[in-house]
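Colleague: I'm new to this one and would rather start small than take the grand tour. Please pick a single part, look at it closely, and talk me through what you find there.

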Amino acid sequence: MTDSHEIGERSLAEHRRLRGTVEVTNKSAITTAEDLSLYYTPGVGAVSAYLAEHPEAARDYTMKGNTVAVISDGSAVLGLGNIGPAGAAPVMEGKAMIFKSFAGVNAVPLVLGTQDTEEIITAIKAIAPTFGGINLEDISAPRCFEIEKRLVNELDIPVMHDDQHGTAIVVLAGLINAAKVTGKDVRKLKVVLLGAGAAGAGTAALLHAYGIADIIAVDRTGIVFAGREGLNDSKELLAKITNPANRSGSLEDALAGADVLIGVSGANLVTEEQIQRMNRDAIIFALSNPVPEIMPDVAVRAGAAVVATGRSDFPNQVNNALVFPGIFRGALDNGIRRITDRMMIGAAEALAALVAEPTAEQIIPSIFDERVVPAVAAAIR
């Protein structure tokens, strides 16, 4: 098991040594007056004049064709909560590193000095012409739903809130293979989602689109059901696509007879006794970081057949880094303007297919598997 304190100290030292983890580099050197004339004035004027008349060609003449913006307001960073733009900056830089390292996509980390929904939308629309895609990250629910929806509808480039959809795609991929391990029909699984924020809502929507009908979402108040007092707009929508029997009650009530628990909530919220109430060969995705909803050894002791976490020091790491590089690689290469449910399901199926013979210890491929990005990208058409 990784010593989180030690890795944290090493990370602090490394970020200080590097003064940030990404930088801008030129694709061609400027060493002569001719170079300067070619890439800046007067030569660049011809390119600018051409693009003024043919703005659709910007993908071919500027960095737009291979560049995304990774944007956060710092309101829901990792497991740290609302720590603001300075706290979010290293995470956005880390995502930019992953984009470049695994998919060859240039990514610009941007943190915003506002958490006002309208100001965020306005700011992103204003800078969008520079980029070929927008990756939203670590923006708190329910504001994240409105922000993404508006940007998807108002921009002509792909926009994806990774906390919702990246998580959902990897969860679906893992669930497809976990069902094979347990000999169950994935579409007939009884699924409980613990957490009804961005990741929970996104996962519920994709599982529903895939054809899994029996899903129950649970938040701090209990089971989400139609007509429950105090539901916001996003949870009202969640109630419409989950809980077909309109059950009420607690997490313990929801887990009775369930096949799957997907935790996207917080540390140590699930007990061994609650897992024991689930169906035989239960599937547990305890994805809270750094401490999961239930530790893997406890879940196995309670009877779980397959356990996944969000951590790299346990088997079956459900990590959205398996998805977002390939999603945007495919979107940029194919001129995609909107990432659809069909594309995301295709990406999940492609990811699952990379594990030819799933086992309890391996239901999803490693992020270092060189087949991952091409397989996911091929689904984005």
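Modeller: Let's go for the salt bridge between Arg301 and Glu272, whose closest N and O atoms sit 3.0 Å apart (a salt bridge here is a Lys or Arg side-chain nitrogen within 4 Å of an Asp or Glu carboxyl oxygen). Keep in mind that this is a predicted model, where local features need pLDDT of at least 70 and side-chain atom pairs pLDDT 80 or more, while totals for chains, interfaces and linings use all residues. Residues are numbered from 1 along each chain as its sequence is written, and side-chain values use heavy atoms, without hydrogens or water.

This pair ties together distant parts of the chain, with the two residues 29 positions apart. Arg301 belongs to helix H13, which covers residues 296–301, and Glu272 to helix H12, residues 272–276 (helices are DSSP runs of H or I with at least four residues, strands are E runs of at least two, both numbered from the N terminus). The two partners also have quite separate surroundings. Arg301 counts as exposed, because its relative accessibility is 54%, whereas Glu272 counts as buried, because its value is 18% (under 20% is buried, over 50% exposed, anything between partly exposed, using a 1.4 Å probe and protein chains only). So this salt bridge has an exposed arginine, Arg301, on one side and a buried glutamate, Glu272, on the other.

How many salt bridges turn up in the whole structure? A search finds 16. Some of them join up: Glu118, Lys125, Glu146, Arg150 and Glu154 are linked in a network. It's worth setting part of that network beside our pair. Arg150 meets Glu146 with 3.4 Å between the closest N and O atoms, and Arg150 also meets Glu154, at 2.8 Å from N to O.

Where our first pair bridges two helices, H13 and H12, these contacts stay inside helix H7, residues 143–154. Glu146 and Arg150 are four residues apart there, about one turn of the helix. Glu154 and Arg150 are also about one helical turn apart, because they are separated by four residues in H7. As for exposure, Glu146 is partly exposed at 35%. Arg150 is partly exposed too, at 21%, and Glu154 gets that label as well, with 36%.

For another exposed spot, try Lys188, whose relative accessible area is 65%. You'll find Lys188 in the loop between helix H8 (162–182) and strand S5 (191–194). Its C-alpha atom is 8.5 Å from that of Gly211, and those two residues are 23 apart along the chain.

Now zoom out to see where all this sits. The protein has 16 helices and 10 strands, with H7, H12 and H13 being among the helices we've just visited. Its C-alpha trace spans about 75 × 45 × 40 Å along the principal axes. Of the 381 residues, 50% are buried, and Glu272, back in our first pair, is one that counts as buried.
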